[in-house]
Amino acid sequence: MVGSGVGLVGICLAHVKASKVILSEGDLSSLANMKLNLELNQLNKGMDDPGSINQDPNLEMTLWQLEADSKFETQVKCIFLPWESAEENELQNFMPDIILGADVIYNPLCLPHLIRVLAILLNRNKSSSYPQQDNHSHDLSRDDTDGGDKNSVPVAYIASVIRNAETFNYFLALAKEANLDVHDLTEQYKPFDLLPYMQSYDRSTIRLFTLSYSCK
């Protein structure tokens, strides 16, 4: 997951027994908060803690190995990953099947860096010779054990509130320049009305997209 924030999505994925979860965050204070939230949700068994992250604020990647107990059987990693300084060779090592992002396209200054990270993660041909399959056959329930399904095409799912049409159009333009296909799935998978009492935002502005690398 890119821009994992407090780690809520990762905690949910652990509880539904995803085989492996990697949570990335570019802000050190948010990363520390995420680590605490994972611990509070008992996702810290067997943790290899390298020490305080504040000891080295310039560290490109700070990693905690967080393994859930046998009840969940999920491996969760927290990674310090600033989009603007992420190295291509490091990103290629992840080989994800599915990339998630929640409300990560609101700041136009960050969008070029986000698109670059997504393009590297989604373009598996740059780091392997595995054959490509149909870009539109993605199954969220598939197994993504170590290394993932090496014959599958990675896909990103981005959910976001559209606050500013100009910023969103900028995101689409950058995605096109990076050979990323963007598909709107909002009507197909409408968000659940989990908190009907919340009136602070208009649910109709929440959109769900997939991004995949175009081989054209």
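Does Phe209, at 4% relative accessibility, count as buried or exposed? Phe209 counts as buried, because its relative accessibility is 4%. The model discussed here is predicted, and the report moves from confidence to the sheet, the cores and the aromatic rings.

**Confidence**

The protein chain has a mean pLDDT of 76, with 68% of its residues at 70 or more. Residues 45–72 have a pLDDT below 50; beyond near neighbours in sequence, this stretch makes 72 contacts in the model. Over residues 128–148 the pLDDT also stays under 50, and the model has 41 contacts there beyond four places in sequence.

**Sheet and helix 4**

Four strands form an open sheet in the order 5-6-8-7, and their pairing is mixed. Strand 5 (98–102) and strand 7 (180–184) each have a single partner strand, so these two stand at the edges with one side lacking a neighbour in the sheet. From one strand to the next, the twist averages 20°. Strand 5 pairs with strand 6 (residues 155–161) in the parallel sense over 5 bridges; Val155 of strand 6 is the bridge partner of Ile98. Helix 4 (residues 111–122) lies across strands 5, 6, 7 and 8, and runs at about 50° to strand 8 (206–213).

**Nonpolar cores**

The largest nonpolar core contains 29 residues, and Leu114, Leu118, Leu122, Leu180 and Leu211 have the most contacts inside it. Two or more residues are contributed by each of helix 4, strand 6, helix 5 (165–177) and strand 8. Helix 4 supplies the largest share, 9 residues. Leaving aside residues up to four places away in sequence, Leu211 touches nine residues' worth of neighbours, including Leu118, Leu122, Val155, Phe171 and Leu180. Another core, of 14 residues, lies apart from the largest one and has Met1, Ala14, Met34 and Phe80 among its members.

**Aromatic rings**

The model contains 2 aromatic pairs, compared below.

| Pair | Centre to centre | Angle between planes | Class |
|---|---|---|---|
| Phe168 and Phe171 | 6.2 Å | 25° | stacked |
| Phe168 and Phe209 | 5.2 Å | 35° | tilted |

Phe168 and Phe171 both belong to helix 5, where they are 3 residues apart, about one turn of the helix. Their planes meet at 25°, so this pair is stacked. Phe168 lies in helix 5 and Phe209 in strand 8, so the tilted pair ties together parts that are 41 residues apart in sequence. Phe168, at 14% relative accessibility, counts as buried, and Phe171 is buried as well. Phe168, Phe171 and Phe209 form one aromatic cluster.

Key:
Residues numbered from 1 in each chain as written. Predicted model: local features only at pLDDT ≥ 70, side-chain atom pairs only at ≥ 80, totals over all residues. Heavy atoms only, no water. Pairing = 2+ DSSP bridges. Axes fitted to C-alpha atoms, helices over the stretch in contact; angles between N-to-C directions. Contact = heavy atoms within 4.5 Å. pLDDT = per-residue confidence, 0-100. Core = buried A, V, L, I, M, F, W, Y, C linked by side-chain atoms within 4.5 Å. Buried < 20%, exposed > 50% of the residue type's maximum accessible area, 1.4 Å probe, protein only. Phe/Tyr/Trp six-rings, centres within 6.5 Å; stacked < 30°, edge-to-face > 60°.
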